[in-house]
Amino acid sequence: MTTGLFLSLEGIDGAGKSSHIDALEALFRGQGRAVTRTREPGGTPLGETLRTLVLNEPMDPLTESLLVFAARREHVLQVIVPALKRGDVVLCDRFTDATFAYQGAGRGFDLGVLGMLERWVQADPAHADVLLQPGLTLWFDLPPEIAAERLAGARLPDKFEAQPVEFFRRVAQGYADRAAAAPRFARIDADRPREQVWQQIESTLQARGVA
Ligand SMILES: Nc1ncnc2c1ncn2[C@@H]1O[C@H](COP(=O)(O)OP(=O)(O)OP(=O)(O)O)[C@@H](O)[C@H]1O
Ligand SMILES: Cc1cn([C@H]2C[C@H](O)[C@@H](COP(=O)(O)O)O2)c(=O)[nH]c1=O
């Protein structure tokens, strides 16, 4: 389906993903790679409109799941697949693992329904059994209490960031469950100073042969 590298960044809110995206982009550009940098929910005009709703409006978990997958469908078709076909490195701040972690583990929504939506949204039109997935997922793993401390006072919390620590314990477990089932996950110990977190990222990219 594609020739580029699809790299996603995942973790609970405040785990430190955004703090390393600039450096990741610079690293790949320094190697002469074209980079498409994007995020979910979002990445297209419609996706960004849906993001505003999802991050701010209270809603039923099925509604929330449908909106993030609707945004993802546009994102996959308009941005991610074309970029991968060009041979770009796609740096995506969150993808479907976030839906399993937040709507599935966090909200308690049916994982079977999420799996069905994943298949509908990410199937290759030519091979329905092949799903578009990141080639590598950097999972920033940080205890929820520390993430909450880091976020406290950093910015006005959105709907998710305002959730209690118990919600993020479930989300963190959701990521751990997803990671246990998919070798594309690389765990980054985010409970370290920034320089050490970056060193782990660099060594992971080398070990996986992608940079
Ligand atoms: N290794 C670190 N040690 C201490 N503080 C950090 C570290 N990494 C990031 N921070 C700080 O923690 C806060 C959250 O970091 P960041 O915004 O990168 O997280 P995030 O995973 O992108 O969060 P979100 O998903 O909610 O956007 C920021 O204030 C950032 O400066
Ligand atoms: C993709 C996706 C995201 N979310 C949540 C997770 C975060 O709380 C926000 C996005 O904010 P960020 O600062 O850009 O990390 O949305 C979700 O609940 N479900 C999803 O599928």
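This briefing describes the ligand surroundings, the helices, the nonpolar core and some backbone details of the structure shown above. The model is a predicted one. Two ligands are covered, with 14 residues surrounding ligand 1 and 13 residues around ligand 2. Helix α4 supplies the largest share of the shell around ligand 2, and the residues of α4 are also mostly covered.

**Surroundings of the ligands**

- Among the 14 residues that surround ligand 1, the closest are Asp13, Gly16, Ser18, Ser19 and Arg150, and the elements that give two or more residues to this shell are α1 (18-30), α6 (144-151) and α8 (194-207).
- Sorted by class, the shell around ligand 1 divides into five nonpolar, five polar and four charged residues.
- Around ligand 2 there are 13 residues, of which Glu40, Ala98, Thr99, Tyr102 and Phe160 come nearest.
- Helix α4 (residues 96-106) contributes four residues, the largest share of the shell around ligand 2, and by class this shell holds six nonpolar, two polar and five charged residues.

**Helix α4, the mostly covered helix**

- In α4, 11 of its 11 residues are buried, and among them are Ala98, Thr99 and Tyr102, three residues that are also listed with those nearest to ligand 2.
- The cover over the buried residues of α4 includes β1 (5-11), α3, α5, β6 (136-141) and α7 (165-181).
- Just after α4, Gly108 has a positive phi of about 85 degrees.

**Helix α2 and its two sides**

- Helix α2 (residues 45-56) is made of 12 residues and spans 17 Å from its first C-alpha to its last, which is close to the 16 Å expected at 1.5 Å a residue.
- The buried residues in α2 are Gly47, Leu50, Arg51 and Val54, and because they cover an arc of only 115 degrees around the axis, they lie on the same side of α2.
- Pro45, Thr52 and Asn56, by contrast, are exposed on the other side of α2, while α3 (61-86) is included in what covers the buried residues of this helix.

**Helix α5 and its two sides**

- Helix α5 (residues 111-122) likewise has 12 residues and reaches 16 Å from its first C-alpha to its last, close to the 16 Å expected at 1.5 Å a residue.
- Leu117, Glu118 and Val121 are buried in α5, and since their arc around the axis is only 105 degrees, they are placed on the same side of α5.
- These buried residues of α5 pack against α3, α4 and β5 (127-131), whereas the face turned away from the buried side carries the exposed residues Gly112, Met116, Arg119 and Trp120.
- Leu111, which is found in helix α5, counts as partly exposed because it has 16 C-beta neighbours inside 10 Å, a number between the limits of 12 or fewer for exposed and 20 or more for buried.
- Leaving aside neighbours within four places in sequence, Leu111 is in contact with Phe100 and Gly104, both of which are listed among the buried residues of α4.
- The C-alpha atoms of Leu111 and Leu27 are separated by 36 Å, and these two residues stand 84 residues apart along the chain.

**The largest nonpolar core**

- In soluble globular proteins, nonpolar side chains tend to be buried together.
- The largest nonpolar core here has 46 residues, of which Leu7, Val90, Phe140 and Val171 touch the most other members, and its largest share, nine residues, comes from α3.
- When neighbours within four places in sequence are left aside, Val171 is in contact with Ile12, Ala101, Tyr102, Ala105 and Gly106, and of these contacts Ala101, Tyr102, Ala105 and Gly106 are listed among the buried residues of α4.

**Backbone details**

- Most residues other than glycine have a negative phi, and most peptide bonds are trans.
- A cis peptide bond, with omega about -10 degrees, joins Glu40 and Pro41; Pro41 is placed in the loop between β2 (35-39) and α2, and Glu40 is one of the residues that come nearest to ligand 2.
- Arg94 is not a glycine, yet its phi is positive, at about 85 degrees.
- The place of Arg94 is the loop between β3 (89-93) and α4, and Arg94 counts as buried because 22 other C-beta atoms lie within 10 Å, where 20 or more are needed.

Conventions: Residues are numbered from 1 along each chain as its sequence is written. Chains are lettered from A and ligands numbered from 1 in the order in which they are written. This is a predicted model: local features need pLDDT of at least 70, side-chain atom pairs count only at pLDDT 80 or more; totals for chains, interfaces and linings use all residues. A residue is near a molecule or strand if its C-beta atom, placed from the backbone, lies within 6 Å of it. Ala, Val, Leu, Ile, Met, Phe, Trp, Tyr, Cys and Pro count as nonpolar, Asp, Glu, Lys and Arg as charged, and the others, Gly among them, as polar. The expected span of a helix is 1.5 Å times one less than its number of residues. The arc is that of the directions from the helix axis to the C-beta atoms. Two residues are in contact if their C-beta atoms, placed from the backbone, lie within 7 Å. A nonpolar core is a set of buried Ala, Val, Leu, Ile, Met, Phe, Trp, Tyr and Cys residues joined through C-beta atoms within 7 Å.
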